[in-house]
Structures are given as C-alpha cells and as structure tokens.
Amino acid sequence: MANLISFHDVCKHKCKNDCWILIHGKVYDISTFMDEHPGGDNVLLAVTGKDASTDFDDVNHSDDAKEQMKKYCIGDVDQSTVPVTKKYIPPWEKKEKSMTVETTKEEPGNKLLVYLIPLFILGVAFALRFYNNNK
C-alpha cells in the first residue's frame, strides 16, 4: 500500500533543503534534486504549496525526466485534503463569454431601437432646420 500524505503536510515542505511537490496525485521529495534541476531551484520552489501538475505538463518534460521522477516519489496525496481550485480564465475570455451571453439574451426590439433612435434624432434635426429656415 502506498504512503498516503495529506496536502497540509506537503505544504509544510517548501524550502530549498526540504522541498516536496505534488504532481498528478503523487508527492515527490525533491530536496536532493534542487541543484540538478535544469530550470533552477526557483522554478521548483515556485510550485510548492499547490498542485504542480499543470506547470509540469506545460514544460513538456522528456521521457528521461519523467523516469527520473520515480526515484523521488514518496507517496500519494490524500485527495480529500487537496483544496478545490477554480480554473483560471483570462480576462479577455471572460469578456468574450459575457458578450456572447448578452447577445443571446438581447430581444429583437432592442436591435430595432439601435437604428430608430439615431433616425429619430436626425428627423428632429431636419425638422428644426426646416422650421428655422422658414422664419
């Protein structure tokens, strides 16, 4: 049976000499690997205290790197202790979603008003001009 480690315990180990990270449900003690990491120790320290799976996948590690990870694995994380995090949605995607929601909720009468109001203003302007020219 695999060693079950709580997320709280993983978060306690986040310094260069005592560093644990969580990747795909597995906990790795990478304290002895910090100086060997090609990206430097700051990259590893930046992903402590959270699930580093997305960060790990974004780098596209080699098969050799993935194989080397196995020797640092110290157990599985207790999934019930991992906090649920929302997926980050960039602000520009939020705007696009809100704009699509607004346009789908828009009533046909609102589209007509967009054209009628300027035409009404233009009509009033011509009427005033005509009235002022007759005086």
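Student: Why is Asp9 called partly exposed?

Tutor: In this predicted model, the relative accessible area of Asp9 is 30%. Buried means under 20% and exposed means over 50%. The value for Asp9 is 30%, and the class in between is partly exposed, so that is the term applied.

Student: Why does Lys12 count as exposed?

Tutor: Lys12 has a relative accessibility of 54%. The cut-off for exposed is over 50%, and therefore Lys12 at 54% receives that label.

Student: What makes the contact between Lys12 and Asp9 a salt bridge?

Tutor: The criterion is a side-chain nitrogen of Lys or Arg within 4 Å of a carboxyl oxygen of Asp or Glu. For the side chains of Lys12 and Asp9 the N to O distance is 3.5 Å, so the pair satisfies the cut-off of 4 Å. Both residues belong to helix H1, which covers residues 7-12, and they are three residues apart, about one turn of the helix. In the whole structure, six salt bridges are found.

Student: How do you know that Asp35 and Lys16 form a salt bridge?

Tutor: Their closest N and O atoms are 3.2 Å apart, and the limit is 4 Å. This pair links distant parts of the chain: Asp35 is in the loop between E4 and H2, Lys16 is in the loop between E2 and E3, and 19 residues separate them.

Student: Which classes of accessibility do Asp35 and Lys16 fall into?

Tutor: Asp35 is exposed, because its relative accessible area is 66% and the class requires over 50%. Lys16 has 36%; this lies between the limits of 20% and 50%, so Lys16 is partly exposed.

Student: What makes Asp76 and Lys26 a salt bridge, and where in the chain do they lie?

Tutor: The N to O distance between their side chains is 2.9 Å, which falls within the 4 Å limit. Asp76 lies in strand E5 (residues 73-77) and Lys26 in strand E4; the two are 50 residues apart and link distant parts of the chain. Asp76 has a relative accessibility of 21% and is partly exposed, because buried would require a value under 20%. Lys26, at 34%, is partly exposed too.

Student: What makes Lys16, Asp35 and Asp41 one network?

Tutor: They are joined by salt bridges that share partners.

Student: Why is His37 called buried?

Tutor: The relative accessible area of His37 is 15%. The cut-off for buried is under 20%, so His37 qualifies at 15%. His37 sits in the loop between strand E4 (26-29) and helix H2 (41-46). Leaving aside residues up to four places away in sequence, His37 touches Val43 and Leu44. In the protein chain of 135 residues, 24% are buried.

Student: What makes E1 and E2 the edge strands of the sheet?

Tutor: The sheet is open, has five strands in the order E1-E5-E4-E3-E2, and shows mixed pairing. Strand E1 (4-5) and strand E2 (14-15) each pair on one side only.

Student: How do you know that the pairing is mixed?

Tutor: Strands can pair in a parallel or an antiparallel sense. E1 and E5 are parallel, with two bridges, whereas E3 (residues 18-23) and E4 are antiparallel, with four bridges. E4 and E5 also run antiparallel, joined by three bridges. The cut-off for pairing is at least two bridges, so the two bridges of E1 and E5 suffice. Among the individual partners, Ile5 stands opposite Val77 in E5. Tyr28 in E4 is the bridge partner of Ile21, and Cys73 in E5 is the bridge partner of Tyr28.

Student: What makes residues 112-131 a "transmembrane region", and what does the model show there?

Tutor: The label comes from an annotation in an unreviewed UniProt entry. In the model, this segment is 100% helix and 0% strand, with its end C-alpha atoms 28 Å apart. A nonpolar surface patch of about 1100 Å² includes Leu112, Phe120, Phe126 and Leu128. Leu128 is part of helix H6 (residues 108-134).

How values were computed
Residues are numbered from 1 along each chain as its sequence is written. This is a predicted model: local features need pLDDT of at least 70, side-chain atom pairs count only at pLDDT 80 or more; totals for chains, interfaces and linings use all residues. Side-chain values use heavy atoms; hydrogens and water are left out. Buried means under 20% relative accessible area, exposed over 50%, partly exposed in between (1.4 Å probe, protein chains only). UniProt positions are given in the numbering used here, feature names are shortened, and annotations may be inferred rather than shown by experiment. Patches are made of residues with over 30% relative accessible area and no salt bridge: like charges are joined within 9 Å, nonpolar side chains (Val, Leu, Ile, Met, Phe, Trp, Tyr) within 5 Å. Accessible areas come from the Shrake-Rupley method with a 1.4 Å probe; for residues, only the protein chains shown count as cover. Contact means heavy atoms within 4.5 Å.
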